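Reader: I'd like a close look at one part of this one, please. Pick a corner, stay with it, and tell me how it fits with its surroundings.

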Amino acid sequence: MKKRLMLLAGSISIVTILSGCFEGEQSLDEIDPPQNAQEVDNLDKVDEEDVSATPEETAETVSRDLYLLDANGMVASQTLELPVPDTNEVAAQVLEHLVKGGPVTPLLPNGFQAVLPEGTEVLGVNLQEDGTIIVDLSEEFTQYEENQEVQILESVTHTLTQFENVHKVKLRVNGQDLKEMPVNGTPINSGYSRANGINIINNDTLDYLQSEPVTMYYPVEQENNRYYVPVTQYIETNEDEAIANIIEELIDGPGYQSTVVNVFNPEAGLASEPTLSNGILEVVFNKEILADSEQGIIADEVMETMVRTLTEQPNIDAVDVKVENVEKVVNENGEAYTEPVTKQVFSPSEEL
């Protein structure tokens, strides 16, 4: 019963965040990520059939993003409810939940698996002032297949950098710094960050000297579980048209080689050049971006795909989507987007 009410409290917090993007609600500066669910008093008056709940069933939990391996071999995040740890054990806890056969096992969604070798122990975690987090792991960490090496790096890096004050990951084994990964030799001397990419798609036709890596988010639907897979693509761009090129590439999709879904109408396009001011990117599309042009409806998947992707770019905190000759753009529930949309709407963040 307590768990049910705590989950309800968490849901109310998320609804509060979402409502801030719609008519008559909070401004961008007022949007805060949801707080941890708190226990509710007078529980015995609500539902007596749950009085016999076990301590495990009533334990307080907190939502964390874990980057796991999906059924298609892609590294993707799943938001799972983990027990609330001591304040100084948050980073160690999420890492422990990346270990095969570890505490994450009963929580894994269908088709997902952990990535760190079974038996790996977290010996220490140290966050530096510059945002570099040093992770010390046991010898078992070195016992993985060669083709898993980059996935392990991507999983650890993206799981830890979900925290706003973590920017880079350095690894140790039994207290010894790793200059390269132990099996296939991937260089990690200066640390690994999101700038290294994830689920990288190579394009043999591109001139990589004239291209930049961009991480884009695409939805996947699997057994009633919808989640977003980050895919790093190299795109040809220049400084003046960088954002426009990213949007056009996002509309084109990841190509035939990927298992993710392109949710954009191929006729959708920009009506004018995007403009960035004070962290807010204004993007104006033609009507083909809409799922229903008469009602001004933009599909929720389209909005989330754009916001997740564009806010990965430097200096973009929120996205203000407009459509030419359409007075009001609304979501699938008919709620108007009257405020720029932030990444925190879809993936609330916090600091360690």
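Author: Asparagine 278 sits in the loop that links β9 (275-277) to β10, where helices (H or I, at least four residues) and strands (E, at least two) are DSSP runs numbered from the N terminus. Before going on, a word on what you're looking at: this is a predicted model, where local features need pLDDT of at least 70 and side-chain atom pairs count only at pLDDT 80 or more, while totals for chains, interfaces and linings use all residues. Residues are numbered from 1 along each chain as its sequence is written, and side-chain values use heavy atoms, with hydrogens and water left out.

Back to asparagine 278: its phi is near 55°, a positive value in a residue other than glycine. Most residues other than glycine have a negative phi. With 77% relative accessibility, asparagine 278 is classed as exposed; the cut-offs are under 20% relative accessible area for buried, over 50% for exposed, and partly exposed in between, using a 1.4 Å probe and protein chains only.

Follow the chain through β10 (280-285) and you get to asparagine 286, in the loop between β10 and α6. This asparagine is buried, because its relative accessible area is 15%. A polar atom of the asparagine 286 side chain lies 3.3 Å from the backbone oxygen of glutamate 267. If you skip residues up to four places away in sequence, asparagine 286 touches Glu267, Ala268, Gly269, Ala271, Val323 and Glu324, where a contact means heavy atoms within 4.5 Å.

Past that loop comes helix α6 (residues 300-310), the piece I'd spend the most time on. α6 is mostly covered, with nine of its eleven residues buried. Those buried residues are Val302, Met303, Glu304, Thr305, Met306, Val307, Arg308, Thr309 and Leu310. Among the elements covering them are β7, β8 (225-236), α5, β10, β11 (318-323) and β12 (341-342).

Glutamate 304 is one of the buried residues of α6, and it earns that label because its relative accessible area is 10%. Its side chain makes a polar contact, at 3.5 Å, with the side chain of tyrosine 228. For the record, a polar contact is a pair of N or O atoms within 3.5 Å; within protein, one must be able to donate a hydrogen and the other to accept it, and residues adjacent in sequence count only if both atoms are side-chain atoms. Setting aside residues up to four places away in sequence, glutamate 304 touches Arg226, Tyr228 and Phe346.

Now for α5 (residues 242-252), whose axis comes within 11 Å of the α6 axis and crosses it at roughly 140°. Axes here are lines fitted to C-alpha atoms, for helices over the stretch in contact, and angles run from 0 to 180 degrees between N-to-C directions. The two helices are therefore oblique to each other: under 35 degrees would count as roughly parallel, over 145 as roughly antiparallel, 65 to 115 as roughly perpendicular, and the rest as oblique. The crossing is right-handed, the term for a near helix turned clockwise from the far one by less than a right angle, with anticlockwise being left-handed.

Where the two helices meet, Ile243, Ile246, Ile247 and Leu250 of α5 face Thr305, Met306, Thr309 and Leu310 of α6. By class, that contact has six nonpolar, two polar and no charged residues, with Ala, Val, Leu, Ile, Met, Phe, Trp, Tyr, Cys and Pro counted as nonpolar, Asp, Glu, Lys and Arg as charged, and the others, Gly among them, as polar. The buried residues of α5 are Ala244, Asn245, Ile246, Ile247, Leu250 and Ile251, and they pack against β7, β8, β10 and α6. Just after α5, glycine 253 takes a positive phi of about 90°.

Strand β7 (residues 211-222) holds valine 220, which counts as buried because its relative accessibility is 6%. Leaving out neighbours within four places in sequence, valine 220 is in contact with Asn225, Arg226, Tyr227, Val229 and Val260. Arg226 also touches glutamate 304 of the helix.

On the far side of α6, asparagine 315 lies in the loop leading to β11. Its phi is near 75°, again positive in a residue other than glycine, and asparagine 315 is exposed because its relative accessible area is 62%.
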